[in-house]
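Please work through the exercises below with the sequence and the 3D view at hand, trying each task before reading its solution.

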Amino acid sequence: MQKDAPPGCGGTIGDFVLNLFDRRRVRLKQELSRESTLEKERNSQKTPFQGNLIELVQYAYDYAPYFRSLLDAEAVRPDEIRTREDLQKIPVTHKDDLIQLQAKNPPLGGWLAQKAGRLRRVFLSPGPIFDPEGDTDDFWHFEKALRLAGFRAGDIVQNTFSYHMTPGGFMLDAGLRKLGCVVFPAGVGNTNLQVQAAAALKITGYTGTPSFLMAILKKAEEMGYHPKRDLHYRAALVTGEPLPPSLRERFQKEYSIAVYQVYATADIGCAGFECGRREGWHLSRETLVQICDPASGEELPPGETGEIVVTHFDPAYPLIRFGTGDLSFQMKDPCPCGNSSPRLGGYMGRIGEGIKVKGMFVHPNQVQTVVNPYSEVEGFQMVVSRKAHQDVLTYRLKNPDPDSVSAELTSELEQKLRDVVKVAGKIEWVRAFEVPDRRIIDLRRWE
Ligand SMILES: [Zn+2]
């Protein structure tokens, strides 16, 4: 008899049940196979929309429920987002928003575009914010940054970021493994053991914060090691805190360690890295970075300081217009290294520390970068006041003998500060600050 004969056409009850079962099995198989093709597409190692904004936005709209609700609420259709400029139609989702979103819609606030079961790991950062690791090698894109920093296959590398709860340890680990390095997963603390292992294993690479690298070197000296003879560090990739130029120079001169920085966040991994010139961060092609006005979300022209807003071309966690809360600016000139990718001019602090002066967002770290090379400046304060309804910016710079400072130096510094801060201000040299420990003093009254 025919297998798929309908009931009542000559088959027995047993045949009918078998037919029903077969049809269901076939349908189930078809559904599973369609689902698995989709899953394969979504989870393939090769990002299907690498650098293609149109595909990314459509994909995130289809698979990340929060992104769909965000566009729907703004009455923006995904096909309206075709260029970088169009992105401004999408509101910025700030890092702090993730706390609420994830609490309301666990585990990842509707930004996940795959089943949570497809992830490799999930981490917990302060906030609390959960950070996913998708199922791809070097998910956070550190390999290139490591290679440019001088790490090579076969290097033994001491990775001192935490492997516990937060993603730092695994982030660097994944990039190092992709590059072919041998990882010593040291994690944080245990400085004595870190020194002993570095010497015994002839470790050549270091990843971690710059201050912890210095702590290891100092501890080695205390323990009777000669850092240059008994330790073998050659390359270091640091992040997590600013690297002052003086500290970088010390690593190079005193310890012969070439130290490179990256710009990374727990949410998206490495977004910017240094080339051999070490003048700013080249932007990774896995992310689209915009520098935006922290209040309006509008993209700012090169040279102006604003929030780093990233769009992440990733099939597992396609964050779009994600406001990191970090401040930087895009550099105007192309890098002399020949790589034409845009560069960020370094870390300018977090939103909240800066203020607006004459309509420009200014931050004390901008001043810090200008005065760093000048030994004459022992400290600074930005003082903002109002005169005739105009903001007035004054830089108080500390020097033990203010009268000894030349007029040439003062005008040179005023010029450099104007170039970086984008607001003109006069310098006042002072012996001491009236109110210590404050980098910004806002005397404006809005009454
Ligand atoms: Zn370069």
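**Exercise 1: a buried helix**

Task: In this predicted model, find which residues of helix α6 are buried, and work out what this says about how far α6 is enclosed.

Solution. Begin with the list: in α6, Gly168, Gly169, Phe170, Met171, Leu172, Asp173, Ala174, Gly175, Leu176 and Leu179 are buried. Set this against the length of the helix, since α6 covers residues 168-179 and has 12 residues. As 10 of the 12 residues are buried, α6 is largely enclosed by the rest of the structure. A further step concerns its span, which is 17 Å from the first C-alpha to the last and close to the 16 Å expected at 1.5 Å a residue. Finally, look just past the end of α6, where Gly180 takes a positive phi of about 100°.

**Exercise 2: a strand inside a sheet**

Task: Determine which strands are joined to β6, and which way its residues point.

Solution. Start from the whole sheet, an open one in which 8 strands follow the order β5-β4-β6-β7-β8-β9-β10-β14 with mixed pairing. Its edge strands are β5 (182-184) and β14 (343-344), each of which pairs on one side only. In general, strands of a sheet pair through backbone hydrogen bonds, either parallel or antiparallel.

Next, take the two neighbours of β6 in turn. Strand β4 (residues 156-159) runs parallel to β6 (residues 205-208) and is joined to it by 3 bridges; in these strands Val157 has Gly205 as its bridge partner, while Asn159 has Thr207. Strand β7 (residues 235-238) also runs parallel to β6, with 4 bridges between them, and here Thr207 stands opposite Leu237.

The last step is to look at directions: Gly205 and Thr207 point one way from β6, whereas Tyr206 and Gly208 point the other way, and all are buried. This can be read beside the general rule that in a regular strand the side chains alternate between the two faces of the sheet.

**Exercise 3: two helices in contact**

Task: Decide whether α7 and α8 are roughly parallel or roughly perpendicular to each other, and describe their contact.

Solution. First take the geometry: helix α7 (residues 191-200) and helix α8 (residues 210-222) pack at an angle of about 80°, with their axes 9 Å apart. Angles of 65 to 115 degrees count as roughly perpendicular, and α7 and α8 are therefore roughly perpendicular to each other. The contact is made by Thr191, Asn192, Gln194, Val195 and Ala198 from α7, together with Ala215, Ile216, Lys219 and Ala220 from α8. Sorted by class, this contact of α7 with α8 has 5 nonpolar, 3 polar and 1 charged residues.

**Exercise 4: the surroundings of one residue**

Task: Establish how Ile440 is classed by its C-beta neighbours, and which residues it is in contact with beyond its neighbours within four places in sequence.

Solution. Locate Ile440 in strand β20 (residues 440-442). Because Ile440 has 16 C-beta neighbours inside 10 Å, it counts as partly exposed. Setting aside its neighbours within four places in sequence, Ile440 is in contact with Ile355, Pro364 and Met382. As a last step, compare sequence with space for Ile440 and Phe380, which are 60 residues apart in sequence and 8.9 Å apart in space, C-alpha to C-alpha.

Note on methods. Residues are numbered from 1 along each chain as its sequence is written. This is a predicted model: local features need pLDDT of at least 70, side-chain atom pairs count only at pLDDT 80 or more; totals for chains, interfaces and linings use all residues. Two strands pair if DSSP finds at least two bridges between them. The expected span of a helix is 1.5 Å times one less than its number of residues. A residue is buried if 20 or more other C-beta atoms lie within 10 Å of its own, exposed if 12 or fewer, and partly exposed in between; C-beta atoms are placed from the backbone. Two residues are in contact if their C-beta atoms, placed from the backbone, lie within 7 Å. Axes are lines fitted to C-alpha atoms, for helices over the stretch in contact, and angles run from 0 to 180 degrees between N-to-C directions. Angles under 35 degrees count as roughly parallel, over 145 as roughly antiparallel, 65 to 115 as roughly perpendicular and the rest as oblique. Ala, Val, Leu, Ile, Met, Phe, Trp, Tyr, Cys and Pro count as nonpolar, Asp, Glu, Lys and Arg as charged, and the others, Gly among them, as polar.
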